[in-house]
Amino acid sequence: MNARSSAADRTRPTLLDGAVVLFIVVAAVALFIALKPAGGSVLTATVTVDGQVIAQYDLTHLTEPETLEVSDVPYPLVIRAEPGRIRVEKSSCPDNDCVHIGWISSAGGQIICLPNRLIISVTGSSESTVDGVTG
Amino acid sequence: MQFDIQRLTRCAVLTALALALSVAEGLVPLTILFPLPGLRLGLANLVTVYALCRLSGRDALLILSARCLLGALVGGNLTALAFSLAGGLLAFLAMWALLHAPGLSLFGVCIAGAAAHNTGQILAAMAVLGSSAALAYLPPLLLSSLATGTATGAASILLIRRLPASGLMRHL
(Lines give C-alpha, C1' and ligand atoms only; values in the text may rest on other atoms or scores of the structure.)
Protein backbone atom coordinates (compact mmCIF):
# COMPACT_ATOMS: atom_id res chain seq x y z
CA MET A 1 0.00 0.00 0.00
CA ASN A 2 1.23 3.47 -0.74
CA ALA A 3 0.01 7.05 -0.99
CA ARG A 4 -0.56 7.33 2.74
CA SER A 5 -0.56 10.85 3.93
CA SER A 6 -0.76 12.64 7.19
CA ALA A 7 -3.99 14.30 6.09
CA ALA A 8 -5.72 10.94 6.35
CA ASP A 9 -4.87 10.73 10.05
CA ARG A 10 -6.08 14.16 11.11
CA THR A 11 -9.55 14.59 12.51
CA ARG A 12 -9.62 18.37 12.96
CA PRO A 13 -9.33 21.18 10.43
CA THR A 14 -5.91 22.79 10.29
CA LEU A 15 -4.73 26.30 9.55
CA LEU A 16 -3.88 25.31 5.99
CA ASP A 17 -7.47 24.14 5.47
CA GLY A 18 -8.38 27.73 6.28
CA ALA A 19 -5.95 28.86 3.60
CA VAL A 20 -7.73 26.62 1.07
CA VAL A 21 -11.08 28.12 2.08
CA LEU A 22 -9.67 31.65 1.86
CA PHE A 23 -8.23 30.95 -1.59
CA ILE A 24 -11.60 29.70 -2.87
CA VAL A 25 -13.48 32.66 -1.39
CA VAL A 26 -11.02 35.12 -2.94
CA ALA A 27 -11.27 33.35 -6.31
CA ALA A 28 -15.08 33.39 -6.16
CA VAL A 29 -15.25 37.08 -5.21
CA ALA A 30 -12.66 38.08 -7.81
CA LEU A 31 -14.53 36.17 -10.52
CA PHE A 32 -17.83 37.66 -9.39
CA ILE A 33 -16.43 41.20 -9.64
CA ALA A 34 -14.78 40.49 -12.98
CA LEU A 35 -18.06 39.19 -14.42
CA LYS A 36 -20.22 41.97 -12.98
CA PRO A 37 -22.60 42.92 -15.77
CA ALA A 38 -22.82 46.40 -17.19
CA GLY A 39 -25.84 48.20 -15.84
CA GLY A 40 -28.39 50.16 -17.84
CA SER A 41 -32.03 50.93 -17.93
CA VAL A 42 -32.74 49.12 -21.19
CA LEU A 43 -32.85 45.34 -20.90
CA THR A 44 -32.26 43.12 -23.91
CA ALA A 45 -32.82 39.38 -23.87
CA THR A 46 -30.88 37.32 -26.37
CA VAL A 47 -31.64 33.69 -27.15
CA THR A 48 -28.84 31.70 -28.74
CA VAL A 49 -28.74 28.08 -29.84
CA ASP A 50 -25.37 26.58 -30.64
CA GLY A 51 -23.85 30.04 -30.72
CA GLN A 52 -26.41 31.37 -33.21
CA VAL A 53 -28.72 34.16 -32.11
CA ILE A 54 -32.27 32.96 -32.85
CA ALA A 55 -34.23 35.74 -31.15
CA GLN A 56 -33.77 39.01 -29.38
CA TYR A 57 -36.28 40.89 -27.24
CA ASP A 58 -36.21 44.45 -26.00
CA LEU A 59 -37.69 43.62 -22.61
CA THR A 60 -37.95 47.24 -21.50
CA HIS A 61 -40.05 48.34 -24.45
CA LEU A 62 -42.04 45.15 -24.86
CA THR A 63 -45.73 45.83 -24.53
CA GLU A 64 -47.32 42.46 -25.26
CA PRO A 65 -46.14 39.09 -23.92
CA GLU A 66 -44.38 37.04 -26.57
CA THR A 67 -44.02 33.30 -26.83
CA LEU A 68 -41.23 31.57 -28.71
CA GLU A 69 -41.33 27.90 -29.49
CA VAL A 70 -37.90 26.38 -30.04
CA SER A 71 -38.48 23.06 -31.72
CA ASP A 72 -35.30 22.47 -33.70
CA VAL A 73 -33.37 21.20 -30.66
CA PRO A 74 -33.03 17.83 -28.86
CA TYR A 75 -35.54 18.90 -26.18
CA PRO A 76 -38.06 21.38 -27.61
CA LEU A 77 -39.04 24.16 -25.24
CA VAL A 78 -41.21 27.25 -25.01
CA ILE A 79 -39.80 30.63 -24.00
CA ARG A 80 -42.04 33.44 -22.78
CA ALA A 81 -41.00 37.07 -22.78
CA GLU A 82 -43.00 39.67 -20.90
CA PRO A 83 -42.32 43.35 -20.29
CA GLY A 84 -39.15 43.39 -18.18
CA ARG A 85 -38.71 39.65 -17.81
CA ILE A 86 -38.23 36.34 -19.64
CA ARG A 87 -38.43 32.67 -18.70
CA VAL A 88 -38.60 29.15 -20.03
CA GLU A 89 -42.25 28.25 -19.72
CA LYS A 90 -42.20 24.62 -20.75
CA SER A 91 -39.50 22.15 -21.61
CA SER A 92 -39.61 18.55 -22.76
CA CYS A 93 -36.37 17.67 -20.99
CA PRO A 94 -36.39 15.37 -17.94
CA ASP A 95 -34.74 17.79 -15.49
CA ASN A 96 -36.62 21.01 -16.20
CA ASP A 97 -33.88 23.02 -14.44
CA CYS A 98 -34.44 25.83 -16.91
CA VAL A 99 -38.13 26.04 -15.97
CA HIS A 100 -37.40 25.93 -12.22
CA ILE A 101 -35.05 28.89 -12.48
CA GLY A 102 -38.11 30.96 -13.36
CA TRP A 103 -38.07 34.55 -14.52
CA ILE A 104 -34.88 36.45 -15.12
CA SER A 105 -35.32 40.18 -15.08
CA SER A 106 -32.00 41.90 -14.52
CA ALA A 107 -28.82 42.57 -16.48
CA GLY A 108 -26.46 39.61 -16.21
CA GLY A 109 -29.27 37.15 -15.62
CA GLN A 110 -29.19 34.03 -17.74
CA ILE A 111 -30.73 30.64 -18.28
CA ILE A 112 -28.54 27.95 -19.76
CA CYS A 113 -29.83 24.70 -21.19
CA LEU A 114 -26.86 22.45 -21.80
CA PRO A 115 -28.55 19.56 -23.64
CA ASN A 116 -29.98 22.03 -26.15
CA ARG A 117 -26.90 24.28 -26.10
CA LEU A 118 -29.31 27.12 -25.57
CA ILE A 119 -28.54 30.32 -23.70
CA ILE A 120 -30.98 33.05 -22.74
CA SER A 121 -29.12 36.06 -21.46
CA VAL A 122 -30.29 39.47 -20.36
CA THR A 123 -27.98 42.40 -20.89
CA GLY A 124 -28.38 46.00 -19.86
CA SER A 125 -27.53 49.07 -21.86
CA SER A 126 -28.39 52.72 -21.82
CA GLU A 127 -29.93 52.66 -25.26
CA SER A 128 -32.19 50.30 -27.07
CA THR A 129 -30.34 47.96 -29.43
CA VAL A 130 -33.31 46.23 -30.97
CA ASP A 131 -36.71 47.45 -32.05
CA GLY A 132 -38.54 44.20 -31.72
CA VAL A 133 -38.33 40.55 -32.35
CA THR A 134 -36.18 38.87 -34.91
CA GLY A 135 -36.18 35.23 -35.85
CA MET B 1 0.87 -4.49 -14.02
CA GLN B 2 0.52 -7.58 -11.93
CA PHE B 3 -2.83 -9.26 -11.98
CA ASP B 4 -4.09 -9.22 -8.46
CA ILE B 5 -7.53 -10.65 -7.79
CA GLN B 6 -7.85 -8.93 -4.45
CA ARG B 7 -7.04 -5.55 -5.92
CA LEU B 8 -9.44 -6.14 -8.81
CA THR B 9 -12.25 -7.09 -6.45
CA ARG B 10 -11.59 -4.14 -4.22
CA CYS B 11 -11.66 -1.70 -7.14
CA ALA B 12 -14.82 -3.31 -8.52
CA VAL B 13 -16.66 -3.07 -5.20
CA LEU B 14 -15.58 0.55 -4.72
CA THR B 15 -16.65 1.41 -8.27
CA ALA B 16 -20.08 -0.09 -7.63
CA LEU B 17 -20.28 1.85 -4.36
CA ALA B 18 -19.34 5.13 -6.05
CA LEU B 19 -21.93 4.52 -8.76
CA ALA B 20 -24.61 3.69 -6.20
CA LEU B 21 -23.76 6.82 -4.18
CA SER B 22 -24.04 9.10 -7.19
CA VAL B 23 -27.36 7.53 -8.21
CA ALA B 24 -28.68 7.82 -4.64
CA GLU B 25 -27.59 11.44 -4.56
CA GLY B 26 -29.47 12.09 -7.79
CA LEU B 27 -32.69 10.87 -6.16
CA VAL B 28 -32.57 13.74 -3.65
CA PRO B 29 -31.23 16.64 -5.71
CA LEU B 30 -29.98 19.66 -3.78
CA THR B 31 -31.04 21.81 -6.72
CA ILE B 32 -34.64 21.64 -5.48
CA LEU B 33 -33.59 23.62 -2.40
CA PHE B 34 -31.06 25.84 -4.18
CA PRO B 35 -31.73 26.33 -7.89
CA LEU B 36 -28.09 26.38 -8.86
CA PRO B 37 -27.22 24.19 -11.87
CA GLY B 38 -24.49 21.69 -11.14
CA LEU B 39 -24.95 21.80 -7.39
CA ARG B 40 -24.60 18.44 -5.68
CA LEU B 41 -23.16 17.01 -2.51
CA GLY B 42 -20.49 14.92 -4.17
CA LEU B 43 -20.91 11.71 -2.18
CA ALA B 44 -19.17 9.66 -4.87
CA ASN B 45 -16.10 11.74 -4.13
CA LEU B 46 -15.89 9.92 -0.79
CA VAL B 47 -14.85 6.82 -2.66
CA THR B 48 -12.10 8.73 -4.50
CA VAL B 49 -10.82 10.15 -1.20
CA TYR B 50 -10.87 6.72 0.38
CA ALA B 51 -9.03 5.14 -2.53
CA LEU B 52 -6.45 7.95 -2.53
CA CYS B 53 -5.80 7.58 1.20
CA ARG B 54 -5.97 3.85 1.63
CA LEU B 55 -5.22 2.33 -1.77
CA SER B 56 -3.18 4.14 -4.41
CA GLY B 57 -3.46 7.02 -6.83
CA ARG B 58 -3.65 4.55 -9.70
CA ASP B 59 -6.52 2.59 -8.16
CA ALA B 60 -8.34 5.83 -7.33
CA LEU B 61 -8.01 6.97 -10.94
CA LEU B 62 -9.22 3.60 -12.27
CA ILE B 63 -12.25 3.63 -9.97
CA LEU B 64 -13.06 7.22 -10.94
CA SER B 65 -12.84 6.54 -14.68
CA ALA B 66 -14.93 3.39 -14.40
CA ARG B 67 -17.54 5.25 -12.35
CA CYS B 68 -17.82 8.06 -14.91
CA LEU B 69 -18.04 5.65 -17.87
CA LEU B 70 -20.63 3.39 -16.20
CA GLY B 71 -22.58 6.40 -14.93
CA ALA B 72 -22.85 7.74 -18.47
CA LEU B 73 -23.95 4.31 -19.71
CA VAL B 74 -26.58 3.87 -17.02
CA GLY B 75 -28.28 7.21 -16.90
CA GLY B 76 -26.73 9.76 -19.13
CA ASN B 77 -25.30 10.56 -22.48
CA LEU B 78 -22.02 11.71 -23.96
CA THR B 79 -22.43 15.23 -22.62
CA ALA B 80 -22.91 13.85 -19.12
CA LEU B 81 -19.73 11.82 -19.55
CA ALA B 82 -17.74 14.93 -20.51
CA PHE B 83 -19.08 16.67 -17.43
CA SER B 84 -18.39 13.96 -14.90
CA LEU B 85 -14.95 13.26 -16.37
CA ALA B 86 -13.90 16.91 -16.46
CA GLY B 87 -15.13 17.49 -12.91
CA GLY B 88 -13.93 14.16 -11.57
CA LEU B 89 -10.43 14.39 -13.05
CA LEU B 90 -9.84 17.95 -11.84
CA ALA B 91 -11.08 16.99 -8.37
CA PHE B 92 -8.83 13.94 -8.43
CA LEU B 93 -5.77 16.03 -9.37
CA ALA B 94 -6.48 18.66 -6.72
CA MET B 95 -7.03 16.10 -3.98
CA TRP B 96 -4.06 13.98 -5.02
CA ALA B 97 -1.78 17.03 -4.91
CA LEU B 98 -3.14 18.28 -1.58
CA LEU B 99 -2.93 14.86 0.05
CA HIS B 100 0.79 14.94 -0.63
CA ALA B 101 1.12 18.45 0.77
CA PRO B 102 1.85 18.63 4.47
CA GLY B 103 -0.35 20.31 7.02
CA LEU B 104 -3.82 19.77 5.62
CA SER B 105 -6.70 17.71 6.94
CA LEU B 106 -9.33 15.94 4.86
CA PHE B 107 -11.56 19.00 5.30
CA GLY B 108 -9.21 21.10 3.17
CA VAL B 109 -8.66 18.25 0.73
CA CYS B 110 -12.38 17.66 0.19
CA ILE B 111 -13.21 21.36 -0.06
CA ALA B 112 -10.51 21.78 -2.71
CA GLY B 113 -11.84 18.66 -4.44
CA ALA B 114 -15.38 20.04 -4.50
CA ALA B 115 -14.21 23.40 -5.82
CA ALA B 116 -12.08 21.69 -8.48
CA HIS B 117 -15.05 19.51 -9.47
CA ASN B 118 -17.26 22.56 -9.96
CA THR B 119 -14.53 24.31 -11.94
CA GLY B 120 -14.18 21.27 -14.19
CA GLN B 121 -17.91 21.14 -14.81
CA ILE B 122 -18.06 24.81 -15.73
CA LEU B 123 -15.08 24.36 -18.07
CA ALA B 124 -16.92 21.45 -19.73
CA ALA B 125 -20.06 23.59 -20.00
CA MET B 126 -18.05 26.37 -21.63
CA ALA B 127 -16.62 23.87 -24.09
CA VAL B 128 -20.05 22.39 -24.92
CA LEU B 129 -21.71 25.78 -25.27
CA GLY B 130 -18.78 27.40 -27.02
CA SER B 131 -19.43 30.40 -24.84
CA SER B 132 -18.18 31.76 -21.58
CA ALA B 133 -21.74 32.38 -20.38
CA ALA B 134 -21.58 29.47 -17.92
CA LEU B 135 -18.71 31.17 -16.09
CA ALA B 136 -21.26 33.28 -14.24
CA TYR B 137 -22.32 30.18 -12.28
CA LEU B 138 -18.80 29.53 -11.02
CA PRO B 139 -18.64 32.05 -8.11
CA PRO B 140 -21.82 30.75 -6.41
CA LEU B 141 -20.76 27.17 -7.12
CA LEU B 142 -17.34 27.82 -5.59
CA LEU B 143 -18.96 29.21 -2.46
CA SER B 144 -21.32 26.23 -2.29
CA SER B 145 -18.33 23.90 -2.55
CA LEU B 146 -17.18 25.20 0.85
CA ALA B 147 -20.34 23.70 2.37
CA THR B 148 -20.46 20.49 0.34
CA GLY B 149 -16.69 19.98 0.77
CA THR B 150 -16.97 20.39 4.53
CA ALA B 151 -19.78 17.82 4.62
CA THR B 152 -17.92 15.24 2.53
CA GLY B 153 -14.71 16.07 4.43
CA ALA B 154 -16.35 15.23 7.75
CA ALA B 155 -17.83 12.07 6.26
CA SER B 156 -14.49 10.98 4.78
CA ILE B 157 -12.72 11.45 8.14
CA LEU B 158 -15.23 9.07 9.72
CA LEU B 159 -14.88 6.66 6.83
CA ILE B 160 -11.08 6.61 6.83
CA ARG B 161 -10.96 6.11 10.59
CA ARG B 162 -13.47 3.27 10.66
CA LEU B 163 -12.21 1.46 7.59
CA PRO B 164 -8.44 0.91 7.51
CA ALA B 165 -6.95 -0.60 4.37
CA SER B 166 -5.95 -3.86 6.00
CA GLY B 167 -9.48 -4.46 7.17
CA LEU B 168 -11.25 -3.57 3.95
CA MET B 169 -11.68 -7.08 2.62
CA ARG B 170 -12.84 -8.36 5.97
CA HIS B 171 -15.40 -5.57 6.20
CA LEU B 172 -16.64 -6.31 2.75
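Entry 1, terms. I count two strands as paired if DSSP finds at least two bridges between them. The model I examined is predicted.

Entry 2, the three-stranded sheet of chain A. I looked up strand β4 (residues 77-82) of chain A first. It pairs with β5(A) in the antiparallel sense, and I noted six bridges for this pair. Within the pair, I found Ile79(A) opposite Val88(A) of β5(A). I then traced the sheet as a whole: it is open, has three strands in the order β3-β4-β5 (chain A), and its pairing is antiparallel. I asked why one side of β3 (66-70) and of β5 (85-91) of chain A is left without a neighbour in the sheet. Both strands stand at the edges and each has a single partner strand, so one side of each has no neighbour there. For the turn between neighbouring strands of this sheet I recorded 20° on average, with direction ignored.

Entry 3, the four-stranded sheet of chain A. I read the strand order as β2-β1-β7-β6 (chain A), in an open sheet of four strands with antiparallel pairing. The edges are taken by β2 (52-58) and β6 of chain A; each has a single partner strand, so one side of each lacks a neighbour in the sheet. Here, too, I recorded an average turn of 20° between neighbouring strands, direction ignored. I next inspected the pair formed by β1 (residues 42-49) of chain A and β7(A), which is antiparallel and runs over eight bridges. At Thr44(A), I found Thr123(A) of β7(A) standing opposite.

Entry 4, the interface of chains A and B. I listed 33 residues of chain A in contact with 41 residues of chain B. The two chains bury about 3200 Å² between them, and carbon and sulfur atoms account for 69% of that area. I searched for salt bridges between chain A and chain B, and the count is zero. The search for polar contacts between the two chains gave six residue pairs, with both residues at pLDDT 80 or more.

Entry 5, the side of chain A that touches chain B. Which elements give two or more residues to this side? I identified α1 (15-34), β6 (110-113) and β7 (118-125) of chain A. The largest share, 10 residues, comes from α1(A). By residue class, I found that this side of chain A divides into 22 nonpolar, five polar and six charged residues. I noted that β6 and β7 of chain A, listed here as contributors, also belong to the four-stranded sheet of Entry 3.

Technical notes: Residues numbered from 1 in each chain as written. Chains lettered and ligands numbered in written order. Predicted model: local features only at pLDDT ≥ 70, side-chain atom pairs only at ≥ 80, totals over all residues. Heavy atoms only, no water. Contact = heavy atoms within 4.5 Å. Buried area = accessible area lost by both parts, 1.4 Å probe. Salt bridge = Lys/Arg side-chain N within 4 Å of Asp/Glu carboxyl O. Polar contact = N/O pair within 3.5 Å; in protein donor to acceptor, adjacent residues only side chain to side chain. Nonpolar A, V, L, I, M, F, W, Y, C, P; charged D, E, K, R; others polar. Axes fitted to C-alpha atoms, helices over the stretch in contact; angles between N-to-C directions.
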